[in-house]
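Me: Hi! I have a structure open here and would like to talk through how it is put together. Could you help me read it?

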Protein chains: 2
Amino acid sequence: MENKGILFVVSAPAGCGKDTILNEFFKRNKTAGYAVSATTRAPREGEVNGVHYHFLTVEDFKSKIGAGEVLEYTEYCGNYYGTLKKSVDDLINSGKDAVLKIEVEGAMNIRKKFPDACLIFILPPSLEVLENRLRGRATETEEKIKERTNQAKTELKFAENYDYVIVNDDLNEAVEDMLSVFRAEKLRKQRCEEIIKNISGEKH
Amino acid sequence: MENKGILFVVSAPAGCGKDTILNEFFKRNKTAGYAVSATTRAPREGEVNGVHYHFLTVEDFKSKIGAGEVLEYTEYCGNYYGTLKKSVDDLINSGKDAVLKIEVEGAMNIRKKFPDACLIFILPPSLEVLENRLRGRATETEEKIKERTNQAKTELKFAENYDYVIVNDDLNEAVEDMLSVFRAEKLRKQRCEEIIKNISGEKH
């Protein structure tokens with residue numbers, strides 16, 4: 001109902017089906033788009049600058065951090081990964097909702113710098129199901145599976161700090177949940193102050 | 001996702017299409033039901049006790065007010081109209097969402113006694129449209145139309161105190177909005193504390 005979009009942050013432990021849900025979600029929601037992340041790692045074959053990532057030099061990335069232009073970032077295997085404020089602003093200023101798929105620590109940083117953001121956490125139906133899903137991938141060693149399950153347990157503690165939780169038990173239900181959250185969040189009174197003022201005639 | 005239902009309060013000035021939206025809404029949402037109001041007025045032909053209203057004597061109604069069993073009430077043309085706490089509790093304890101269609105003052109009272117309630121306000125696209133809709137009914141005098149428009153202006157000021165606002169510009173969109181609000185509200189973190197605890201294993 002408002003012209004400006006909303007920043008949605010989506011987090012989930014590995015194995016919760018976050019990517020599958022979001023893929024289906026984007027087929028049915030045409031007013032939201034991914035905020036493209038920035039990285040200092042080299043592009044892989046087929047990766048397009050500005051589409052898959054904003055590819056930056058380490059120098060550029062650090063200078064953007066210094067200038068307050070990076071909402072959150074992390075270092076992994078010697079490379080920086082992060083979210084440029086501009087990526088989010090460009091989307092929401094064009095009236096689209098921005099979706100950021102990031103892990104829990106990054107989400108908490110977004111919350112601080114973007115208090116209007118709406119945070120969604122995807123939960124597995126149970127820890128047992130999650131462990132079985134990770135095992136089902138069959139690409140990981142038993143040790144790796146235990147490690148990921150423990151990592152998931154740590155991440156689940158952060159669900160408390162999110163605005164919405166979606167349990168991914170049935171994919172279609174989870175996608176419907178996600179669609180409803182995006183729609184309903186726009187109708188929350190705090191986001192409609194202008195509309196209320198316009199309609200009640202206070203602005204005429 | 002939780003076993004207990006949610007109390008939803010829906011308010012709108014006359015002419016905003018509240019009844020039409022709710023009728024369509026109830027065709028598509030099967031987990032919500034109206035909380036039946038209580039009144040001391042005599043049943044009209046065809047009205048069934050416990051379905052259209054809980055018909056009470058004035059003595060009964062007053063005694064329930066004294067016992068704190070009435071969430072909100074009003075007197076109109078010498079009769080009492082109100083919401084029994086039991087009507088709401090019976091629905092939400094059975095896992096259904098309860099819908100209360102009441103005016104703004106009553107809604108504010110519900111908020112005080114039922115802080116978990118979710119309040120939805122339906123807005124007209126503009127005051128001009130509202131006035132035209134009231135005029136379109138053609139059953140009212142010009143004076144009555146002016147009176148209702150002024151009444152609507154007063155009521156619109158209360159929209160600020162609701163959780164969600166839905167603009168009824170297009171009926172189908174407004175119904176979709178309502179469905180989304182009911183679905184998303186269940187996913188709000190505050191309503192899912194138990195689920196988070198259960199899944200993160202804190203309760204095992």
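Reply: Happy to. One term before we start: copies are superposed by least squares on the C-alpha atoms of residues with pLDDT of at least 70 in both. That cut-off applies here since this is a predicted model.

Me: Good to know. By what turn and shift can chain B be laid on chain A?

Reply: A turn of 180 degrees with a shift of 0.0 Å along the axis lays chain B on chain A, and the RMSD is 0.1 Å. That is the relation of a two-fold axis.

Me: Which residue of chain B comes closest to that rotation axis?

Reply: Ser180(B) does, with its C-alpha at 2.2 Å from the axis.

Me: And how many residues are in contact between the two chains?

Reply: On chain B there are 31, in contact with 31 residues of chain A. At least two residues each come from helix 6 (142-156), strand 9 (164-167), helix 7 (171-185) and helix 8 (193-199) of chain B. Helix 7 of chain B gives the most, six residues.

Me: How do the residues on that side of chain B divide into nonpolar, polar and charged?

Reply: You get 18 nonpolar, four polar and nine charged.

Me: Why do the copies meet through the same surface?

Reply: Because 100% of the interface residues of chain B are also interface residues in chain A.

Me: Back to helix 7 of chain B, then. At what angle does helix 1 of chain B pack on it?

Reply: About 55 degrees, and the axes of helix 1 (residues 18-28) and helix 7 of chain B are 9 Å apart. That makes helix 1 of chain B oblique to helix 7 of chain B, and their crossing is right-handed.

Me: Which residues make the contact?

Reply: From helix 1 of chain B, Thr20(B), Ile21(B), Glu24(B), Phe25(B) and Arg28(B); from helix 7 of chain B, Leu171(B), Ala174(B), Val175(B), Met178(B) and Leu179(B). By class, this contact has seven nonpolar, one polar and two charged residues.

Me: Changing topic: what is the strand order in the open sheet of chain B?

Reply: The five strands run 2-7-1-8-9, with parallel pairing. Strand 2 (32-34) and strand 9 of chain B are the edges, each pairing on one side only. From one strand to the next, the twist averages 25 degrees.

Me: Over how many bridges do strand 1 and strand 7 of chain B pair?

Reply: Four, between residues 7-11 of strand 1 and residues 97-101 of strand 7 of chain B. Within strand 7 of chain B, Lys101(B) stands opposite Val10(B).

Me: Which strands does helix 3 of chain B lie across?

Reply: Helix 3 (residues 85-93) of chain B lies across strand 1, strand 2 and strand 7 of chain B, at about 150 degrees to strand 7.

How values were computed. Residues are numbered from 1 along each chain as its sequence is written. Chains are lettered from A and ligands numbered from 1 in the order in which they are written. This is a predicted model: local features need pLDDT of at least 70, side-chain atom pairs count only at pLDDT 80 or more; totals for chains, interfaces and linings use all residues. Two residues are in contact if their C-beta atoms, placed from the backbone, lie within 7 Å. Ala, Val, Leu, Ile, Met, Phe, Trp, Tyr, Cys and Pro count as nonpolar, Asp, Glu, Lys and Arg as charged, and the others, Gly among them, as polar. Two strands pair if DSSP finds at least two bridges between them. Axes are lines fitted to C-alpha atoms, for helices over the stretch in contact, and angles run from 0 to 180 degrees between N-to-C directions. Angles under 35 degrees count as roughly parallel, over 145 as roughly antiparallel, 65 to 115 as roughly perpendicular and the rest as oblique. A crossing is left-handed if the near helix is turned anticlockwise from the far one by less than a right angle, and right-handed if clockwise.
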